[in-house]
Every structure is written in structure tokens, then in C-alpha cells.
Amino acid sequence: MGDVTQQRREFMRLGVKGLAAFAGGSLLSNCNSTFPRQQASAAKIDDGLFGNLSTLGPLQAPDENGMMLPAGYRSRIIARTGQRPVPDSEYVWHMAPDGGATFQADDGGWVYVSNSEMPNNTGGVGALRFNSRGDLVDAYSILSDTTDNCAGGKTPWQTWLSCEEHDRGMVFECDPFGVKKAQAKPALGVFNHEAVAVDPINQHLYLTEDEPDGCLYRFRPTNPFPDLNEGILEVAIVNDVKGHLSVSWQQIIDPTAAFSSTRNQVAAAARFDGGEGIAYHNGTIYFTTKGDNRVWAYHIANQKLNILYDVATSPTPVLSGVDNVTITPTGDVLVAEDGGNMQLVALSESGEVVPVLQLVGQDESELTGPAFDPYYRRLYVSSQSGYSDSGPGFTYEIYRVT
């Protein structure tokens with residue numbers, strides 16, 4: 001690894017351990033695998049931010065950043081599109097920030113990655129590097145020259161799967177520390193990708209498709225994780241028996257869509273109206289569909305499917321424009337709005353529907369990329385285009401002060 005920038009990234013990934021790695025010559029051998037594997041250090045995680053919905057209380061007046069939060073919470077802007085988040089870094093924060101995730105470093109710091117949903121090979125993924133105190137210390141690109149990178153998904157082996165949202169879109173596996181070059185994964189299908197979630201128990205991936213007649217897909221790799229180069233792509237078939245939904249799966253024969261669009265290869269495939277964010281938690285896959293403003297829950301063990309939230313039938317229909325999702329440490333589903341009231345809304349299995357933040361005056365934007373730091377003490381989220389429909393956008397950090 002002769003590139004100086006890559007050496008710097010690897011040093012920052014390893015933190016204080018990096019000095020010993022450089023001195024002992026072990027850094028090169030550490031990079032022999034396709035992607036560096038990170039082992040999260042033990043950390044005390046309680047309920048984290050927004051852990052107890054019943055005690056949050058109402059949203060307060062907007063703060064200096066135009067964000068409404070519960071009492072005791074604050075926000076700060078950590079990046080603005082078109083500007084350098086870190087003065088001595090060459091990286092200018094990308095336009096149209098979208099899906100994101102965080103990754104822990106060995107020194108107790110972490111990286112927040114963010115997609116860039118820009119067209120015509122001007123998209124990609126940017127990264128913000130924080131030290132163990134939460135200070136922003138570096139910014140850089142981990143994927144470039146791709147198109148409409150919308151959402152994606154974090155893997156258990158600490159890589160980021162970035163999804164292209166267009167007809168010939170693919171999934172790219174990215175190293176959040178910027179040491180290894182991103183790799184396309186055509187076996188995951190060629191279609192209008194939105195997001196991906198990883199089932200670590202069964203070693204399957206689930207993928208959403210942003211089309212009015214889109215599908216829900218499952219990928220079963222041929223080899224054990226982390227190898228995603230070969231496998232079987234399947235599409236969900238939903239059976240409705242007296243209102244009880246069950247799911248079966250049928251193989252997609254041509255996942256690269258060389259002869260037919262992926263979603264039209266299986267006639268019996270279930271149709272979902274605009275698949276958006278997706279996340280795995282404790283044996284359940286949660287995903288959203290923006291066309292009908294629903295949040296779904298697929299229970300893997302018994303292959304049952306149910307609607308967790310439906311704006312048309314909810315007694316508290318405060319959530320609309322459903323989009324990116326993430327999960328709190330207590331298992332509540334956080335859903336970001338594309339439009340609506342520009343809120344981040346928490347859904348619990350018990351039926352609670354609670355707004356946890358709201359941006360004011362940015363109604364033409366999207367709320368994107370919600371992700372907790374590895375300790376669940378900070379939340380990152382972006383406003384894709386800020387106070388207009390064309391930017392600049394902002395990336396925020398939310399934290400608790402009391």
C-alpha cells in the first residue's frame with residue numbers, strides 16, 4: 001500500500017494502535033483481506049438517545065439550527081454541502097447527502113458515512129472521522145463516480161453497502177475508513193436500488209426497490225460472509241390468507257437484468273409501492289414504502305409479514321413521506337420523512353408513534369441518513385437540500401445535555 005493517503009487512513013483507523021503497526025511493519029499484512037475487519041470494543045450502552053419514548057416529552061421551540069427537539073437535547077451542524085467539514089482536509093462535503101451509518105474505530109472513535117444522491121456519475125459516498133471525544137478530525141471520499149447513491153446498509157464485518165437508485169443501479173461495497181477501494185457487487189442485482197439490510201444469523205441480505213411496482217428481494221450468498229460475489233437473488237411472493245400475510249421466495253434467473261428488468265422476471269412477485277429504508281433487528285426486517293406510507297415488519301423465522309404503521313389507519317397519523325430507517329438500542333424503529341413535516345418519528349411494537357425531532361423551514365428538503373454513533377449517545381442526520389429544493393444541505397449531530 002504505497003499511497004500516502006491510504007496509509008494515513010489506515011493509521012487513523014487503528015488510532016493509537018496504528019503507531020505500533022507502522023513501527024512493526026504489520027500494517028501491510030493487516031490489509032491483505034479485501035476489507036479491514038473492525039472489532040467494536042466493549043462499551044456500556046444503556047437506552048441511548050430516545051431510548052424511552054414515554055419520557056421524551058413534546059418537541060421544544062426550534063434551536064439555532066432550526067431543529068425542534070425534546071427538552072434536554074441539542075443539535076450542531078457538522079457539515080455543509082459545498083464546504084470543507086475539516087479545514088485541513090481536501091474533501092468538500094458532497095451535495096444531496098442521503099443514507100448513512102456509523103462504524104467504530106479501534107481508538108474509540110468512529111466514522112459516519114453518507115451517500116451522495118447526485119446524477120450522472122457525480123454521486124458517491126463521503127465519510128466524517130471522529131476521535132474518541134467526538135471531535136471531527138477528518139473527511140474524505142470512499143466512493144466516487146457513481147449515480148444517485150440513495151440509501152444502503154451496514155454489514156456486520158464493518159463495510160458500507162451503497163445503493164444506486166436508477167434502472168441500472170448496482171450495490172457497491174465500501175470501506176468506511178477509505179483504505180480499500182470500493183467494489184461493485186452485481187450479484188446483488190441490477191435495478192432501482194434503495195436500501196439493504198443484513199440478517200447476520202441466516203447470512204442473508206434483504207433489498208428494497210424504489211419503484212411504484214417494486215419488489216422486496218433476498219440474496220443468499222454462495223459462500224459464507226463476507227463474500228458477496230456470488231449467490232442467489234430471490235424475490236418475495238406474498239400470500240394473503242384471510243388477512244394473514246406470509247412470504248415465500250422465488251429465484252431471479254437474470255439478476256443483472258441483461259434480458260429483462262429484474263422486478264418483472266417472476267410474475268407472482270409481490271408489489272410494494274416505492275420501497276425505501278430497510279433495517280434488521282432481532283430476527284425482524286423492517287422496511288418502508290413511500291407510495292402508501294407504510295412501515296412493514298417481516299418476521300424471518302416464521303416468514304410472516306405485517307404492517308407496523310399505515311398512515312391511512314393509524315390513530316396518530318403523524319408520520320408521512322416514510323423513508324430511511326434505523327433502530328434504537330431498545331428496538332424502536334426510527335423513520336425519517338421525505339417531505340411530511342420533516343420529522344424523525346419513532347415507532348414501537350406497542351403502537352407508540354412519537355416524533356423525536358423536526359426541522360423547521362426546510363419543507364422542500366428530505367430528512368436523511370439517521371444513524372447512531374457506536375455508543376448510541378449521538379445521532380447523525382442530514383437535511384438533503386436545506387432551505388430550498390437544490391441545496392445546500394446540512395448534516396447534523398444530536399446529543400443529550402441533561
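Which residue in the turn of the hairpin formed by S18 and S19 has a positive phi? Good morning, colleagues. I shall answer that question shortly, once the sheet that contains these strands has been introduced. Please bear in mind throughout that we are looking at a predicted model.

Let me begin with the overall arrangement. Nine strands make up an open sheet, and their order is S11-S12-S13-S14-S15-S19-S18-S17-S16. The pairing is antiparallel. For those new to the subject, strands of a sheet pair through backbone hydrogen bonds, in either a parallel or an antiparallel manner. At the edges of our sheet stand strand S11, residues 193–199, and strand S16, residues 275–281. Each of these two pairs on one side only. On average, neighbouring strands of the sheet are turned by 30 degrees against each other, with direction ignored.

We may now walk across the sheet, beginning at the edge strand S11. Strand S12 covers residues 204–209 and is joined to S11 by five bridges, the two running antiparallel. Within this pair, Val 198 has Leu 205 of S12 as its bridge partner.

Further along, we come to strand S14, residues 231–241, and strand S15, residues 244–251. Eight bridges connect these antiparallel strands. Val 241 is found opposite His 244 in S15. S14 and S15 form a hairpin with two residues between the strands, and there Lys 242 adopts a positive phi near 55 degrees.

The next pairing in the order is that of S15 with S19. These strands pair in the antiparallel sense over two bridges. Here Leu 245 lies opposite Leu 305 of S19.

This brings me back to the opening question. Strand S19 spans residues 304–310, and its antiparallel pairing with S18 extends over six bridges. Ala 297 faces Asn 306 in S19. The hairpin of S18 and S19 has four residues between its strands, and the residue we were seeking is Gln 303, whose positive phi is about 60 degrees.

Finally, let us consider strand S17, residues 284–289, together with strand S18, residues 294–299. Six bridges join them, and they run antiparallel. The bridge partner of Thr 284 in S18 is His 299. This hairpin has four residues between the strands, and Asn 293 takes a positive phi near 55 degrees.

To close, I would ask you to locate three residues in the structure before you: Lys 242 in the hairpin of S14 and S15, Asn 293 in that of S17 and S18, and Gln 303 in that of S18 and S19. Thank you for your attention.

Terms used. Residues are numbered from 1 along each chain as its sequence is written. This is a predicted model: local features need pLDDT of at least 70, side-chain atom pairs count only at pLDDT 80 or more; totals for chains, interfaces and linings use all residues. Side-chain values use heavy atoms; hydrogens and water are left out. Two strands pair if DSSP finds at least two bridges between them. Axes are lines fitted to C-alpha atoms, for helices over the stretch in contact, and angles run from 0 to 180 degrees between N-to-C directions.
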